[in-house]
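Please work through the following exercises with the sequence and the model at hand. Each task is followed by a solution in steps.

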Amino acid sequence: CWELGGKLTLRGPAISSLDKLGDLRTVGSLELDSTDLSAIGTPSPIDVLGDIAIHHNSKLVDISNVEAHGDLSSLMVEYNDVLPSLGGLSDITRVTGMTMIESNPKLAAIDLSHATRLEGGLTVQDNDVLASIDLGDLTSVGNFTVSHNAALTTIKSLSSLQYVHGTLTVNDNDKLSGLDGMSSTMTSIDGGIVITGNSALSSLGQLTHVGVV
């Protein structure tokens, strides 16, 4: 079986290998929940077409074989104790539902540099060693929240961002010194702007030029 039209759910500590999946290459949706996997050790990358949920996997260090070329319905990466990166997820271009990256204590960087639209909003919070977020191609997003990332120093270029269809929240990121990556031609923020508790923040950068709030 190379293609699974429905959802593939892998749940529980008894799952430590994916050998019995053979050369699976496409699934409708994917959930990895509380497994004992250290990597997605399939012969070929698995292309996901719908939802991705990767959560509560205590040994998972490599998800480079999980890919999404184009649109997703939702993306959730949460509570993975040793996961250092988002691997092949950097090719995502659009997520119609929520994008949530939360409580991954070893996640050092978030690369969603090809994402143009995150329509259901983006939440990045409680990632202890996260130092950078790359959203270079992002043009529109729902609620946009960056909160409680103790090591975050930079949100890389947001020069393409035009619309926030919700509230922009930047909260309690102790090492974040500026928002200089924001677009100088941002058209509108439909909700509000909430910037609180960022003890090193000294500049709002191009956010001062937003057209309409």
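**Exercise 1.** Determine how many aromatic pairs the structure holds, and state which residue lies over the face of W2.

*Solution.* The model examined here is a predicted one. Its count of aromatic pairs is zero. The ring of W2 is then considered on its own: R25 lies over its face, at 4.0 Å from the ring centre.

**Exercise 2.** Establish where S44 is found, whether S44 is buried or exposed, and which residues S44 touches.

*Solution.* Begin with the position: S44 belongs to the loop that runs between strand 2 (26–33) and strand 3 (46–48). Next, take the relative accessible area, which is 15% for S44. Buried means under 20%, so S44 is buried. Finally, list the neighbours: leaving aside residues up to four places away in sequence, S44 touches D23, L24, R25 and N65. With one of these, D23, the side chain of S44 makes a polar contact through the side chain of D23, at 2.8 Å.

**Exercise 3.** Describe the order and pairing of the six strands that form an open sheet, and explain why one side of strand 6 and of strand 19 is left without a neighbour.

*Solution.* The order of the six strands is 6-8-11-14-17-19, and their pairing is parallel. Strand 6 (70–72) and strand 19 (188–189) stand at the edges; each has a single partner strand, so one side of each has no neighbour in the sheet. Within the sheet, consider strand 14 (residues 140–141) and strand 17 (residues 163–164), which pair in the parallel sense over two bridges. In this pair, V141 stands opposite V164 of strand 17.

**Exercise 4.** Find the sign of phi for H56 and for D172, and state where each residue lies.

*Solution.* For H56, phi is near 60°, a positive value in a residue other than glycine. H56 is located in the loop between strand 4 (51–55) and strand 5 (66–67), and its relative accessible area of 40% makes H56 partly exposed. For D172, phi is near 55°, again positive in a residue other than glycine. D172 sits in the loop between strand 18 (168–171) and strand 19; at 27% relative accessibility, D172 counts as partly exposed.

**Exercise 5.** Characterise the protein chain as a whole by its secondary structure and its radius of gyration.

*Solution.* The protein chain has zero helices and 20 strands. Its radius of gyration is 18 Å, close to the 17 Å that the globule rule gives for 213 residues, so the chain is as compact as a globular protein of that length. Of the 213 residues, 49% count as buried.

Notes:
Residues are numbered from 1 along each chain as its sequence is written. This is a predicted model: local features need pLDDT of at least 70, side-chain atom pairs count only at pLDDT 80 or more; totals for chains, interfaces and linings use all residues. Side-chain values use heavy atoms; hydrogens and water are left out. Two strands pair if DSSP finds at least two bridges between them. Helices (H or I, at least four residues) and strands (E, at least two) are DSSP runs, numbered from the N terminus. Rings of Phe, Tyr and Trp (its six-membered ring) pair if their centres lie within 6.5 Å; planes under 30 degrees apart count as stacked, over 60 as edge-to-face and the rest as tilted. A charge sits over a ring if NZ of Lys or CZ of Arg is within 6 Å of the ring centre and within 35 degrees of the ring normal. Buried means under 20% relative accessible area, exposed over 50%, partly exposed in between (1.4 Å probe, protein chains only). A polar contact is a pair of N or O atoms within 3.5 Å; within protein, one must be able to donate a hydrogen and the other to accept it, and residues adjacent in sequence count only if both atoms are side-chain atoms. Contact means heavy atoms within 4.5 Å. The radius of gyration is taken over C-alpha atoms; the globule rule is 2.2 Å times the number of residues to the power 0.38.
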